[in-house]
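Hi,

Here is the structure for you to load. My notes follow below it.

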There are 2 protein chains.
Amino acid sequence: MAGLSIGALARRTGVHIETIRYFEKVGLLEAPGRTEGGHRVYTEQHVRALSFIKRARELGFTPADVRAILNLGGPGRAYCDEVQEIAVHHLKQVRSKMLDLERLERLLASTVERCSGGHVPDCPVIEMLEQPSRK
Amino acid sequence: MAGLSIGALARRTGVHIETIRYFEKVGLLEAPGRTEGGHRVYTEQHVRALSFIKRARELGFTPADVRAILNLGGPGRAYCDEVQEIAVHHLKQVRSKMLDLERLERLLASTVERCSGGHVPDCPVIEMLEQPSRK
DNA sequence: ATGGCACCTGTAGCAACTACAGGATCAAGA
DNA sequence: TCTTGATCCTGTAGTTGCTACAGGTGCCAT
(Lines give C-alpha, C1' and ligand atoms only; values in the text may rest on other atoms or scores of the structure.)
Protein backbone atom coordinates (compact mmCIF):
# COMPACT_ATOMS: atom_id res chain seq x y z
CA MET A 1 0.00 0.00 0.00
CA ALA A 2 2.78 2.39 -0.88
CA GLY A 3 1.86 5.83 -2.19
CA LEU A 4 1.14 6.53 -5.81
CA SER A 5 3.16 8.76 -8.08
CA ILE A 6 1.29 11.43 -9.96
CA GLY A 7 1.56 9.34 -13.10
CA ALA A 8 0.03 6.34 -11.37
CA LEU A 9 -2.78 8.51 -10.04
CA ALA A 10 -3.36 9.85 -13.52
CA ARG A 11 -3.61 6.33 -14.90
CA ARG A 12 -5.92 5.22 -12.10
CA THR A 13 -8.32 8.12 -12.51
CA GLY A 14 -7.98 9.05 -16.14
CA VAL A 15 -7.14 12.63 -15.25
CA HIS A 16 -4.18 14.30 -16.94
CA ILE A 17 -1.09 14.89 -14.84
CA GLU A 18 -1.21 18.60 -15.55
CA THR A 19 -4.83 18.73 -14.55
CA ILE A 20 -4.05 17.04 -11.24
CA ARG A 21 -1.42 19.65 -10.50
CA TYR A 22 -3.87 22.31 -11.60
CA PHE A 23 -6.54 20.99 -9.22
CA GLU A 24 -4.01 21.17 -6.43
CA LYS A 25 -3.05 24.70 -7.32
CA VAL A 26 -6.63 25.96 -7.32
CA GLY A 27 -7.44 24.13 -4.13
CA LEU A 28 -9.71 21.39 -5.44
CA LEU A 29 -7.40 18.55 -4.51
CA GLU A 30 -5.48 18.38 -1.27
CA ALA A 31 -1.72 18.74 -1.62
CA PRO A 32 -0.11 15.33 -1.14
CA GLY A 33 3.09 14.44 0.65
CA ARG A 34 6.42 14.56 -1.10
CA THR A 35 9.46 12.37 -1.43
CA GLU A 36 12.87 13.67 -0.39
CA GLY A 37 13.38 14.73 -3.96
CA GLY A 38 10.10 16.59 -4.12
CA HIS A 39 7.93 14.13 -6.04
CA ARG A 40 4.27 14.04 -5.06
CA VAL A 41 3.10 10.91 -3.25
CA TYR A 42 -0.63 10.21 -3.27
CA THR A 43 -2.80 7.99 -1.11
CA GLU A 44 -6.00 6.08 -1.74
CA GLN A 45 -7.82 9.09 -0.28
CA HIS A 46 -6.56 11.13 -3.19
CA VAL A 47 -7.79 8.54 -5.63
CA ARG A 48 -11.22 8.78 -4.07
CA ALA A 49 -11.26 12.55 -4.00
CA LEU A 50 -10.01 12.93 -7.54
CA SER A 51 -12.50 10.40 -8.86
CA PHE A 52 -15.21 12.33 -7.09
CA ILE A 53 -14.11 15.59 -8.67
CA LYS A 54 -13.89 14.01 -12.06
CA ARG A 55 -17.34 12.47 -11.86
CA ALA A 56 -18.92 15.68 -10.66
CA ARG A 57 -17.31 17.62 -13.50
CA GLU A 58 -18.53 15.05 -16.02
CA LEU A 59 -22.04 15.50 -14.68
CA GLY A 60 -21.75 19.18 -15.38
CA PHE A 61 -21.22 20.48 -11.87
CA THR A 62 -19.13 23.61 -12.11
CA PRO A 63 -15.78 23.76 -10.34
CA ALA A 64 -17.49 26.14 -7.93
CA ASP A 65 -20.13 23.50 -7.18
CA VAL A 66 -17.46 20.90 -6.60
CA ARG A 67 -15.55 23.18 -4.34
CA ALA A 68 -18.72 23.92 -2.40
CA ILE A 69 -19.33 20.23 -1.77
CA LEU A 70 -15.69 19.62 -0.96
CA ASN A 71 -15.67 22.56 1.44
CA LEU A 72 -18.51 20.97 3.32
CA GLY A 73 -15.86 18.58 4.48
CA GLY A 74 -15.43 16.53 1.37
CA PRO A 75 -17.23 13.34 0.49
CA GLY A 76 -17.68 11.44 3.70
CA ARG A 77 -18.36 14.39 5.96
CA ALA A 78 -20.82 16.68 4.20
CA TYR A 79 -24.36 17.29 5.31
CA CYS A 80 -26.85 15.77 2.98
CA ASP A 81 -29.18 18.75 2.94
CA GLU A 82 -26.45 21.13 1.85
CA VAL A 83 -25.26 18.80 -0.83
CA GLN A 84 -28.84 18.31 -1.92
CA GLU A 85 -29.28 22.04 -2.26
CA ILE A 86 -26.37 22.24 -4.65
CA ALA A 87 -27.66 19.28 -6.63
CA VAL A 88 -31.14 20.77 -6.83
CA HIS A 89 -29.72 24.03 -8.05
CA HIS A 90 -27.76 22.17 -10.67
CA LEU A 91 -30.84 20.24 -11.65
CA LYS A 92 -32.69 23.49 -12.25
CA GLN A 93 -29.95 24.70 -14.52
CA VAL A 94 -29.98 21.43 -16.40
CA ARG A 95 -33.72 21.67 -16.93
CA SER A 96 -33.56 25.22 -18.16
CA LYS A 97 -30.77 24.34 -20.54
CA MET A 98 -32.87 21.47 -21.81
CA LEU A 99 -35.75 23.82 -22.54
CA ASP A 100 -33.44 26.15 -24.44
CA LEU A 101 -32.11 23.31 -26.49
CA GLU A 102 -35.59 22.01 -27.20
CA ARG A 103 -36.71 25.35 -28.56
CA LEU A 104 -33.57 25.57 -30.64
CA GLU A 105 -34.00 22.06 -31.88
CA ARG A 106 -37.51 22.76 -33.15
CA LEU A 107 -36.39 25.95 -34.84
CA LEU A 108 -33.40 24.34 -36.50
CA ALA A 109 -35.26 21.21 -37.54
CA SER A 110 -38.19 23.02 -39.08
CA THR A 111 -35.89 25.47 -40.80
CA VAL A 112 -33.55 22.90 -42.24
CA GLU A 113 -36.52 20.95 -43.54
CA ARG A 114 -37.53 23.81 -45.76
CA CYS A 115 -34.14 24.05 -47.45
CA SER A 116 -34.23 23.73 -51.20
CA GLY A 117 -30.55 23.60 -52.03
CA GLY A 118 -30.94 26.67 -54.19
CA HIS A 119 -29.42 30.09 -53.87
CA VAL A 120 -30.03 32.71 -51.30
CA PRO A 121 -32.39 34.50 -50.76
CA ASP A 122 -34.24 31.20 -50.84
CA CYS A 123 -32.35 29.82 -47.86
CA PRO A 124 -34.51 29.51 -44.76
CA VAL A 125 -31.49 29.03 -42.50
CA ILE A 126 -30.03 32.36 -43.48
CA GLU A 127 -33.42 33.96 -43.11
CA MET A 128 -33.77 32.55 -39.65
CA LEU A 129 -30.34 33.79 -38.67
CA GLU A 130 -31.23 37.25 -39.88
CA GLN A 131 -34.25 37.55 -37.63
CA PRO A 132 -33.45 39.58 -34.58
CA SER A 133 -33.55 37.31 -31.59
CA ARG A 134 -36.72 37.56 -29.54
CA LYS A 135 -35.04 36.37 -26.40
CA MET B 1 -27.13 58.10 -43.88
CA ALA B 2 -23.68 58.86 -42.60
CA GLY B 3 -21.56 56.04 -41.21
CA LEU B 4 -21.84 54.80 -37.67
CA SER B 5 -19.19 55.04 -35.02
CA ILE B 6 -18.26 51.87 -33.21
CA GLY B 7 -20.23 53.06 -30.22
CA ALA B 8 -23.34 53.61 -32.32
CA LEU B 9 -22.93 50.16 -33.85
CA ALA B 10 -22.60 48.69 -30.40
CA ARG B 11 -25.84 50.35 -29.30
CA ARG B 12 -27.65 49.28 -32.46
CA THR B 13 -26.64 45.64 -32.18
CA GLY B 14 -26.18 45.16 -28.47
CA VAL B 15 -22.64 43.90 -28.99
CA HIS B 16 -19.86 45.30 -26.81
CA ILE B 17 -17.38 47.64 -28.43
CA GLU B 18 -14.49 45.41 -27.47
CA THR B 19 -16.25 42.43 -28.92
CA ILE B 20 -16.77 44.25 -32.23
CA ARG B 21 -13.08 44.99 -32.44
CA TYR B 22 -12.39 41.40 -31.46
CA PHE B 23 -14.64 40.11 -34.27
CA GLU B 24 -12.72 42.28 -36.69
CA LYS B 25 -9.40 41.01 -35.42
CA VAL B 26 -10.34 37.36 -35.82
CA GLY B 27 -11.87 37.95 -39.22
CA LEU B 28 -15.55 37.53 -38.40
CA LEU B 29 -16.50 41.10 -39.21
CA GLU B 30 -15.16 42.99 -42.19
CA ALA B 31 -12.83 45.87 -41.35
CA PRO B 32 -14.68 49.15 -41.84
CA GLY B 33 -13.42 52.42 -43.28
CA ARG B 34 -11.71 54.96 -41.09
CA THR B 35 -11.85 58.68 -40.51
CA GLU B 36 -8.73 60.78 -41.02
CA GLY B 37 -8.06 60.40 -37.34
CA GLY B 38 -8.38 56.63 -37.45
CA HIS B 39 -11.86 56.10 -36.03
CA ARG B 40 -13.83 53.22 -37.48
CA VAL B 41 -16.83 54.11 -39.65
CA TYR B 42 -19.45 51.43 -40.15
CA THR B 43 -22.21 51.05 -42.73
CA GLU B 44 -25.63 49.44 -42.65
CA GLN B 45 -23.97 46.36 -44.12
CA HIS B 46 -21.97 46.04 -40.96
CA VAL B 47 -25.11 46.31 -38.86
CA ARG B 48 -26.61 43.44 -40.85
CA ALA B 49 -23.49 41.31 -40.65
CA LEU B 50 -22.94 41.89 -36.96
CA SER B 51 -26.58 41.14 -36.14
CA PHE B 52 -26.24 37.94 -38.13
CA ILE B 53 -23.15 36.93 -36.21
CA LYS B 54 -24.79 37.74 -32.91
CA ARG B 55 -27.90 35.76 -33.68
CA ALA B 56 -25.95 32.76 -34.86
CA ARG B 57 -23.83 32.80 -31.70
CA GLU B 58 -26.94 33.04 -29.56
CA LEU B 59 -28.28 29.97 -31.30
CA GLY B 60 -25.16 28.12 -30.33
CA PHE B 61 -23.35 28.10 -33.64
CA THR B 62 -19.64 28.08 -32.92
CA PRO B 63 -17.47 30.88 -34.25
CA ALA B 64 -16.12 28.32 -36.68
CA ASP B 65 -19.65 27.66 -37.95
CA VAL B 66 -20.30 31.35 -38.34
CA ARG B 67 -17.06 31.82 -40.17
CA ALA B 68 -17.92 28.94 -42.46
CA ILE B 69 -21.24 30.51 -43.39
CA LEU B 70 -19.67 33.92 -43.76
CA ASN B 71 -16.91 32.50 -45.94
CA LEU B 72 -19.54 31.18 -48.29
CA GLY B 73 -19.95 34.79 -49.23
CA GLY B 74 -21.87 36.01 -46.25
CA PRO B 75 -25.60 36.23 -45.84
CA GLY B 76 -27.04 37.13 -49.20
CA ARG B 77 -24.63 35.11 -51.29
CA ALA B 78 -24.24 31.69 -49.73
CA TYR B 79 -25.53 28.50 -51.23
CA CYS B 80 -28.43 27.08 -49.36
CA ASP B 81 -27.19 23.50 -49.42
CA GLU B 82 -23.87 24.38 -47.84
CA VAL B 83 -25.51 26.46 -45.15
CA GLN B 84 -27.98 23.68 -44.58
CA GLU B 85 -25.15 21.24 -44.04
CA ILE B 86 -23.74 23.36 -41.28
CA ALA B 87 -27.13 23.78 -39.70
CA VAL B 88 -27.82 20.04 -39.85
CA HIS B 89 -24.48 19.35 -38.22
CA HIS B 90 -25.34 21.81 -35.51
CA LEU B 91 -28.73 20.23 -35.08
CA LYS B 92 -27.11 16.85 -34.51
CA GLN B 93 -24.92 18.27 -31.81
CA VAL B 94 -27.90 19.91 -30.18
CA ARG B 95 -29.80 16.62 -30.17
CA SER B 96 -26.93 14.71 -28.67
CA LYS B 97 -26.48 17.32 -25.99
CA MET B 98 -30.19 17.07 -25.24
CA LEU B 99 -29.89 13.32 -24.74
CA ASP B 100 -26.98 13.82 -22.36
CA LEU B 101 -28.93 16.32 -20.36
CA GLU B 102 -31.98 14.10 -20.24
CA ARG B 103 -30.00 11.24 -18.78
CA LEU B 104 -28.40 13.56 -16.31
CA GLU B 105 -31.74 15.06 -15.39
CA ARG B 106 -33.20 11.67 -14.57
CA LEU B 107 -30.18 10.72 -12.50
CA LEU B 108 -30.16 13.96 -10.57
CA ALA B 109 -33.89 14.07 -10.04
CA SER B 110 -34.17 10.52 -8.75
CA THR B 111 -31.13 10.98 -6.56
CA VAL B 112 -32.21 14.23 -5.03
CA GLU B 113 -35.61 12.74 -4.29
CA ARG B 114 -34.05 10.17 -2.00
CA CYS B 115 -32.25 12.77 0.13
CA SER B 116 -33.06 12.61 3.80
CA GLY B 117 -31.30 15.68 5.08
CA GLY B 118 -29.23 13.53 7.41
CA HIS B 119 -25.52 12.99 7.55
CA VAL B 120 -23.30 11.22 5.16
CA PRO B 121 -22.99 8.32 4.42
CA ASP B 122 -26.75 8.53 3.97
CA CYS B 123 -26.49 11.08 1.17
CA PRO B 124 -27.52 9.64 -2.18
CA VAL B 125 -26.03 12.58 -4.07
CA ILE B 126 -22.60 11.89 -2.68
CA GLU B 127 -23.04 8.21 -3.35
CA MET B 128 -23.97 8.92 -6.93
CA LEU B 129 -20.97 11.15 -7.39
CA GLU B 130 -18.72 8.43 -6.07
CA GLN B 131 -19.82 5.90 -8.65
CA PRO B 132 -17.28 5.66 -11.44
CA SER B 133 -18.82 7.01 -14.59
CA ARG B 134 -20.04 4.38 -16.99
CA LYS B 135 -19.65 6.66 -19.96
C1' DA C 1 -9.91 76.76 -28.35
C1' DT C 2 -10.97 73.76 -24.96
C1' DG C 3 -13.38 70.53 -22.27
C1' DG C 4 -14.87 66.05 -22.03
C1' DC C 5 -16.51 62.18 -24.17
C1' DA C 6 -15.62 58.72 -27.47
C1' DC C 7 -12.31 56.42 -29.74
C1' DC C 8 -7.55 54.31 -30.68
C1' DT C 9 -3.86 50.41 -29.87
C1' DG C 10 -1.92 47.12 -27.15
C1' DT C 11 -1.73 44.32 -23.38
C1' DA C 12 -3.50 41.58 -19.65
C1' DG C 13 -7.19 39.16 -17.46
C1' DC C 14 -10.97 35.40 -17.02
C1' DA C 15 -12.02 30.00 -16.76
C1' DA C 16 -10.29 25.57 -16.94
C1' DC C 17 -7.38 23.53 -18.45
C1' DT C 18 -3.26 21.85 -21.78
C1' DA C 19 1.36 21.96 -23.36
C1' DC C 20 5.72 22.95 -23.40
C1' DA C 21 10.92 24.02 -21.76
C1' DG C 22 14.63 23.05 -19.09
C1' DG C 23 16.10 20.71 -15.36
C1' DA C 24 16.01 17.28 -11.29
C1' DT C 25 14.81 12.65 -9.45
C1' DC C 26 13.69 7.89 -9.43
C1' DA C 27 14.04 2.96 -10.29
C1' DA C 28 16.06 -0.76 -12.49
C1' DG C 29 19.45 -3.12 -15.02
C1' DA C 30 24.61 -3.94 -15.93
C1' DT D 1 27.79 1.43 -7.81
C1' DC D 2 26.84 3.57 -11.91
C1' DT D 3 24.22 4.77 -15.67
C1' DT D 4 20.30 5.37 -18.34
C1' DG D 5 15.81 6.48 -19.54
C1' DA D 6 11.38 7.24 -17.85
C1' DT D 7 9.12 10.07 -14.85
C1' DC D 8 8.71 14.02 -12.25
C1' DC D 9 9.51 19.02 -10.94
C1' DT D 10 8.49 24.31 -11.57
C1' DG D 11 7.26 27.91 -14.25
C1' DT D 12 5.54 29.94 -18.17
C1' DA D 13 2.75 30.30 -22.26
C1' DG D 14 -0.89 28.66 -25.15
C1' DT D 15 -6.01 27.80 -25.98
C1' DT D 16 -11.11 30.04 -26.86
C1' DG D 17 -14.08 33.87 -26.80
C1' DC D 18 -14.33 37.33 -25.16
C1' DT D 19 -13.81 41.51 -21.39
C1' DA D 20 -11.22 45.12 -19.14
C1' DC D 21 -7.88 48.08 -18.48
C1' DA D 22 -3.91 51.82 -19.47
C1' DG D 23 -2.32 55.52 -21.76
C1' DG D 24 -2.81 58.15 -25.50
C1' DT D 25 -5.56 60.67 -29.46
C1' DG D 26 -9.69 62.35 -32.11
C1' DC D 27 -14.11 64.63 -32.41
C1' DC D 28 -17.32 68.10 -31.75
C1' DA D 29 -20.08 71.45 -29.33
C1' DT D 30 -19.82 75.31 -26.87
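**What I found**

This is a predicted model: local features need pLDDT of at least 70, side-chain atom pairs count only at pLDDT 80 or more, and totals for chains, interfaces and linings use all residues. Residues are numbered from 1 along each chain as its sequence is written, and chains are lettered from A and ligands numbered from 1 in the order in which they are written.

**Chain A**

Chain A has six helices and two strands. Helices (H or I, at least four residues) and strands (E, at least two) are DSSP runs, numbered from the N terminus. The order from the N terminus is α-α-β-β-α-α-α-α. Chain A has 135 residues, of which 26% count as buried. Buried means 20 or more other C-beta atoms within 10 Å of the residue's own; exposed means 12 or fewer; partly exposed is in between; C-beta atoms are placed from the backbone. Take contacts in chain A between residues at least 6 apart in sequence: 40% of them join residues at least 24 apart. A contact is a pair of C-beta atoms, placed from the backbone, within 7 Å.

**DNA strands**

Strand D is surrounded by 21 residues. The closest are A:Ser5, A:Gly7, A:Arg40, B:Thr35 and B:Gly37. "Near" here means a C-beta atom, placed from the backbone, within 6 Å of the strand. H1 (6–13) and H2 (17–25) of chain A and H2 (17–25) of chain B each supply at least two residues of that surface. By class, the surface near strand D has five nonpolar, eleven polar and five charged residues. Nonpolar covers Ala, Val, Leu, Ile, Met, Phe, Trp, Tyr, Cys and Pro; charged covers Asp, Glu, Lys and Arg; the others, Gly among them, are polar.

Strand C has 20 residues around it. Here the closest are A:Thr35, A:Gly37, B:Ser5, B:Gly7 and B:Arg40. H2 of chain A and H1 (6–13) of chain B each give at least two residues to the surface near strand C. The split is four nonpolar, eleven polar and five charged.

**Cores**

The largest nonpolar core has 27 residues. Those with the most contacts inside it are A:Leu50, A:Ile53, A:Ala56 and A:Val83. H2, H3, H4 and H5 of chain A give two or more residues each to this core, as do H5 (80–113) and H6 (124–130) of chain B. A second, separate core has 26 residues, including A:Leu108, A:Leu129, B:Val66 and B:Val83. A core is a set of buried Ala, Val, Leu, Ile, Met, Phe, Trp, Tyr and Cys residues joined through C-beta atoms within 7 Å.

**Two helices**

In H4 of chain A (residues 63–71), A:Val66, A:Ile69 and A:Leu70 are buried. They lie on the same side of H4(A), because they cover an arc of only 100° around the axis. The arc is that of the directions from the helix axis to the C-beta atoms. A:Ala64 and A:Asn71 are exposed on the other side. The buried residues of H4(A) pack against H3 (44–58) and H5 (80–113) of chain A.

H5(B) has 34 residues and spans 48 Å from its first C-alpha to its last, close to the 50 Å expected at 1.5 Å a residue. That expected span is 1.5 Å times one less than the number of residues. Its buried residues include B:Cys80, B:His90 and B:Leu108.

**B:Met98**

B:Met98 is in H5 of chain B. B:Met98 is partly exposed, because it has 17 C-beta neighbours inside 10 Å. Not counting residues up to four places away in sequence, B:Met98 touches A:Met98, A:Leu101, A:Glu102 and A:Glu105.

Best wishes

Note on methods: Contact = placed C-beta atoms within 7 Å.
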